[in-house]
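Reader: I would like a close look at a single part of this model, namely the residues whose backbone takes a positive phi although they are not glycine. Please set them in the context of their chains.

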Amino acid sequence: MKRTSKPIQLLSSKSALLNYSFLIGCLFFAIAGKAQQNTLTAIGNVSGAPADMRQSELKAVLMGETQRWKNGKRIIIALMKTNTALGKTTSLKIYDMSGDELNKYWLSLVFQGKAQAPVFFTSVSDLQNFVAQNPGAIGIIDKPMASADVRAVMIDGKPSF
Amino acid sequence: MKIKLLLTICVCFFLAARSFAQATQIKGFVDVTAGYNKKTTFGFGEQDLFITSAISDRISFLGETVFKYDAEEHSEFTISVERVIITYNLFGNHNLVMGKIHTPLNYWNDTYHHGRVFFPTIDRPLLFSASILPLHTVGVGFEGHDLGKIKFGYNLFVGNGLGSSEVADNDKGKCITAAFHIKPVNRLKIGMSYYYDVVSAGADVHDIHYDHQINQHLISASIARFGKKLELLTEATAGLNHTDSTGTKNTLAAYAYAGYKIKEKYVPYVRYDNISYQSGEMYYKGKNVQSFVAGFRYEINYLAVVKLEYQHIENTNAADVDKVTAQFAIGF
């Protein structure tokens, strides 16, 4: 049986340690990346959406159960498409539904004449622009942003949830 | 006075509609079927087109038109305008609704109606196919939804009654619909409704001529629970039809559906239907019937669903029916 010398054993265990460290590092960044993706932020057009909302109020708005803001403006919902990573997170975290369930939910509501469908986007910047240009609009993105026409809506006192 | 009121309403609508970018969408449903009942048959169902349009910040429109097979037509097809709804949002979740609507009497009629891709089973329950309910009403009313913690909703509607055409009433009487529902927890809806109408003597309803006046009361209740795994839906309608000669006769129509999601896309299900007519019932002219359905639904995605179903129907004074049907329903 072939025996490995001590220095070579030490070298190979060091290399294994480096490999493991690299793998653990990758895993950490992957989890960190995913955690970041799991964080959502609500943004709203300054004309309509309030600066603060409770999570239950946000859910009622995004489910089409609340259809007007307190100032009477019609609520327009802007969401990322359910086949995007952010759209999947939105479906799961806010609606407790899969992407297909969410699409079916809205198609059904629109078919019943109970609500206007949300506007779906493939890019966050398009969604932000839409919210900026449409009074009464509210949208869900991944990180807080604000501009002259858009405000980050605090949910339960936090900028992200 | 009436002209002033009409002018005021017109001005309000004009003001509400001005300077608004219109958003119009067209969607549709269709299905193809293959069935076996002593022989194999292929066919396709209604082709349903529905249009939604946001006319202004407060006014919206929904139109639904169905193209379907009709053996009596020269072309063998007929066009049926199923819904024409103009909605004016009064405030919050309260709306004024005008036009032709699905009578909001039951869960199924209001929720699925022609959208077969939404149907949990291949066909409507017998409660709807046996003309127990007036499926549509033309008129005006109010509706509200998701009010308060229990998410209370209501529909109050006045319309042309049974025997009327799409454009005019056949008598002075109006039908009245009052429906209420609550959604106390997520994915659960409990509803009750009441419908009253007078079918005038000489009226034709569902191609049947009625010599006597009939006073109709319909009382319905429904429970719908579409959970993550378990799906339950049950509805019952008591129809009380009164004529001077026969007195009041009761009809009870009900069904219960249960499905269980094995995975997100696979749902085996069962449904039981029963309709019992009291002896001497003059309006419905139906025979007691019960049906058992067992099937399997595969939801490819939210716009494409395949169902395979076995149905056993037991009719009084008629032979039992056993059939197997497969359906591919899509939304587009």
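**Positive phi outside glycine**

Author: From the N terminus on, chain A of this predicted model runs α-β-β-α-β-α-α-β-α-β-β, which comes to five helices and six strands. The chain has 161 residues, of which 29% count as buried, and among its contacts with a separation of 6 or more, 65% join residues 24 or more positions apart.

The residue to look at in this chain is A:Asp156, which lies in the segment after strand S6 (150–155) and has a phi near 50 degrees, a positive value in a residue other than glycine. Most residues other than glycine have a negative phi. A:Asp156 counts as exposed because it has 12 C-beta neighbours inside 10 Å, and the cut-off for that class is 12 or fewer.

Chain B offers a second case in B:Arg187, whose phi is near 70 degrees and again positive in a residue other than glycine. B:Arg187 sits in the loop between strand S9 (174–182) and strand S10 (188–199) of chain B, and with 13 C-beta neighbours inside 10 Å it counts as partly exposed.

As for confidence, the mean pLDDT of chain B is 90, with 93% of its residues at 70 or more, although over residues 15–19 of chain B the pLDDT is below 50, and this stretch has seven contacts in the model beyond near neighbours in sequence. For the complex, the predictor gives an ipTM of 0.87 and a pTM of 0.85. Where the chains meet, 16 residues of chain A are in contact with 21 residues of chain B, and the side of chain A that touches chain B has three nonpolar, seven polar and six charged residues.

Methods:
Residues are numbered from 1 along each chain as its sequence is written. Chains are lettered from A and ligands numbered from 1 in the order in which they are written. This is a predicted model: local features need pLDDT of at least 70, side-chain atom pairs count only at pLDDT 80 or more; totals for chains, interfaces and linings use all residues. Helices (H or I, at least four residues) and strands (E, at least two) are DSSP runs, numbered from the N terminus. A residue is buried if 20 or more other C-beta atoms lie within 10 Å of its own, exposed if 12 or fewer, and partly exposed in between; C-beta atoms are placed from the backbone. Two residues are in contact if their C-beta atoms, placed from the backbone, lie within 7 Å. Ala, Val, Leu, Ile, Met, Phe, Trp, Tyr, Cys and Pro count as nonpolar, Asp, Glu, Lys and Arg as charged, and the others, Gly among them, as polar. pLDDT is the predictor's confidence in each residue, from 0 to 100.
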